[in-house]
Amino acid sequence: MATATYLSFSAPPSSCAGRQRRRQATRASASATDRPREVVSPKRRLPLRKVPGDYGPPVVGALRDRLEYFYGPGGRDGFFTARVRAHGSTVVRLNMPPGPFVARDPRVVALLDAASFPVLFDTSLVDKTDLFTGTFMPSTDLTGGYRVLSYVDPSEPNHGPLKALLFYLLSHRRQHVIPKFREVYGDLFGLMENELARAGKADFGQYNDAAAFSFLCQALLGRDPAESALQGDGPKLITKWVLFQLSPLLNLGLPKLVEDSLLHSFRLPPALVRKDYDRLADFFRDAARGVVDEGERLGVPREEAVHNIVFAMCFNSFGGMKILFPSLVKWLGRAGARTHGRLATEVRDAVRAHGGEVTMKALSEMPLVKSAVYEALRIEPPVAMQYGRAKRDMVVESHDYGFEVREGEMLFGYQPMATKDPRVFARPEEYVPDRFLGEDGARLLRHVVWSNGPETASPTLQDKQCAGKDFVVLIARLLVAELFLRYDSFDVQVGASALGSSVTITSLKKATF
């Protein structure tokens, strides 16, 4: 879910062609400043400016930037804001973690506003090969030996069939999504009420992890993982597996020297999580047999389909719900009783008008709910970073200048700075739940880009926009509707987490009207 679309090659990614592409891309980046200029540019409406910033000495510069990124006083946002301020530009050169000794080349051109960011969606201008996690790619030993769709560029022949497989996975049991969500998340709220009565607080993330995995498997596959060999272990296994993929990019709160040496300088050995991954793969090999059959019809080998389904269900979908749902509850909790009252009234009126049932028609009559979801996706997008390698010399435009980028250079976008751009959004740092209501709000939706594309676009087989874009928005709306059908208001405590926010519910005021 938190997700652009991702699947894999029938040949494991260690193929000669894959290695050759990566060597060519590295050579192109290294020599980008050495070739004669032949710039492909849009209309030159803006004055051209050299991209400011520098990478510093080899290794030393990358280490300096990594330490500031993870441990600087302003945190991750401060790292980018300081460079914008220092250079008077929202397009700058910098090194992105992890750097030595995980990533071969950490150098990027960073796009830090709403004007420059969308170039990353244009696959005629940027190549997405092996860039899902940025300047490094986790070992394919973590995905059954395959490059899953997230790492496949649309120009590769397997991209279309694999993305088609994901569209099928998300749609073939669509009639089960709403009832299963209500059933599973109804149980979640019941358990949280019991925990609140017992302990005075309840960890939303803990209950959400279990509910998210159960819902996804039951709604999309018709299987309850609790009744399989996985029992209740699925979320724990997935979290550990994701850690082994993303550890070079995470801050877990360990002592700085220990964390930077252990997580950011070297890769964790895939062998340590292989048994856990095999348990997940065995479950999906059986539970998703019908989806794998469809993959075969599309030309995707069965085992490749299995590993792509594991990644889509566990990394993208479960991982997305693990980040987005606590974030949504956090922002709604902070919005206060007046907003809660407006949402509760809208949700209950719409459901009553449709016979007491939550249906797609009823959801369509909850515009404030939908706006509140979009606003959560804007202010704290679940996937904060996108990458693309320039396919040719071109000009990338910010609000004020054009910047020449050379073929082979790595472009990087930090999405929170694009979706909180003050030249697009008023009060960009505030959560404004009704921001996207009315005609003016609808015009802003093209700047909501959490899905690796604008909210006004739909994913296709030819792009990298999230295959589950509409599914994600739907289930987030369902969460808000379920919450305000049951409760007039609620309170939260918020803490930090390696993946998103840690949210504790401290009170739930049951519905009174």
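The legends below describe close-up views of a predicted model.

**View 1. Helix 7 packs against helix 11.**
Helix 7 spans residues 234-246 and helix 11 spans residues 302-335. Their axes lie 11 Å apart and cross at an angle of about 95°. The two helices are therefore roughly perpendicular to each other. On the helix 7 side, the contact is made by P235, I238, T239, W241, V242, Q245 and L246. Helix 11 contributes V310, F311, C314, F315, F318 and K322.

**View 2. Helix 11 also packs against helix 14.**
Helix 14 covers residues 367-379. The angle between helix 11 and helix 14 is about 110°, with the axes 10 Å apart. That makes this pair roughly perpendicular, because angles of 65 to 115 degrees count as such. From helix 11, the residues in contact are L324, L328, W331 and L332. They meet A372, V373, A376, L377 and I379 of helix 14.

**View 3. A nonpolar patch lies on the surface.**
Four residues make the patch: V59, V60, F101 and F266. Its area is about 430 Å². V59 sits in the loop between strand 1 (48-49) and helix 2 (60-71). With a relative accessibility of 42%, V59 counts as partly exposed. F101 comes from another loop, the one between strand 2 and strand 3.

**View 4. Two cis peptide bonds involve P97, P98, P100 and F101.**
Most peptide bonds are trans. The bond joining P97 and P98 is cis, with omega about 15°. P98 is placed in the loop between strand 2 (91-95) and strand 3 (107-111). The bond from P100 to F101 is cis too, and omega there is near 5°. F101 belongs to the loop between strand 2 and strand 3 and is one of the residues in the nonpolar patch of View 3.

**View 5. R147 and D130 form a buried salt bridge.**
The closest N and O atoms of the pair are 2.7 Å apart. Both residues lie in the loop between strand 4 (126-127) and helix 4 (159-171), so the salt bridge ties together parts that are 17 residues apart in sequence. R147 and D130 are both buried. For D130, the relative accessibility is 5%. The backbone of D130 also stands out: phi is near 60°, a positive value in a residue other than glycine. Most residues other than glycine have a negative phi.

**View 6. N452 has a positive phi.**
Phi of N452 is near 70°, and the residue is not glycine. N452 is located in the loop between helix 16 and helix 17 (469-486). N452 is buried, at 8% relative accessible area.

**View 7. E183 pairs with K180 in helix 5.**
This salt bridge has its closest N and O atoms 3.3 Å apart. Helix 5 runs over residues 177-199. Within helix 5, E183 and K180 are three residues apart, which means a separation of about one helical turn. E183 is partly exposed, with 41% relative accessible area.

**View 8. R297 pairs with E294 in helix 10.**
The closest N and O atoms are 2.7 Å apart. Helix 10 comprises residues 289-298. The two residues are three positions apart in this helix, so about one helical turn separates them. R297 is exposed, at 60% relative accessibility. E294, by contrast, is buried, at 15% relative accessible area.

**View 9. R64, D65, E68 and R83 form a salt-bridge network.**
Salt bridges link these four residues in a network. Across the whole structure, a search finds 40 salt bridges.

**View 10. Two residue pairs span long distances in space and sequence.**
T339 lies in helix 12 (residues 337-352). T339 counts as buried, at 10% relative accessibility. From T339 to K240 the distance is 37 Å, C-alpha to C-alpha. In sequence, these two residues are 99 residues apart. A426 is found in the loop between helix 15 (415-419) and helix 16 (438-444). A426 counts as exposed, with 55% relative accessibility. The C-alpha atoms of A426 and P235 are separated by 38 Å. Along the chain, A426 and P235 are 191 residues apart. P235 is also one of the helix 7 residues in the contact with helix 11 shown in View 1.

Key:
Residues numbered from 1 in each chain as written. Predicted model: local features only at pLDDT ≥ 70, side-chain atom pairs only at ≥ 80, totals over all residues. Heavy atoms only, no water. Patch = residues over 30% accessible without salt bridge, like charges linked within 9 Å, V, L, I, M, F, W, Y side chains within 5 Å. Areas by Shrake-Rupley, 256 points an atom, 1.4 Å probe, with all protein chains shown as cover. Salt bridge = Lys/Arg side-chain N within 4 Å of Asp/Glu carboxyl O. Helix = DSSP H or I, 4+ residues; strand = E, 2+ residues; numbered from the N terminus. Buried < 20%, exposed > 50% of the residue type's maximum accessible area, 1.4 Å probe, protein only. Axes fitted to C-alpha atoms, helices over the stretch in contact; angles between N-to-C directions. Parallel < 35°, antiparallel > 145°, perpendicular 65-115°, else oblique. Contact = heavy atoms within 4.5 Å.
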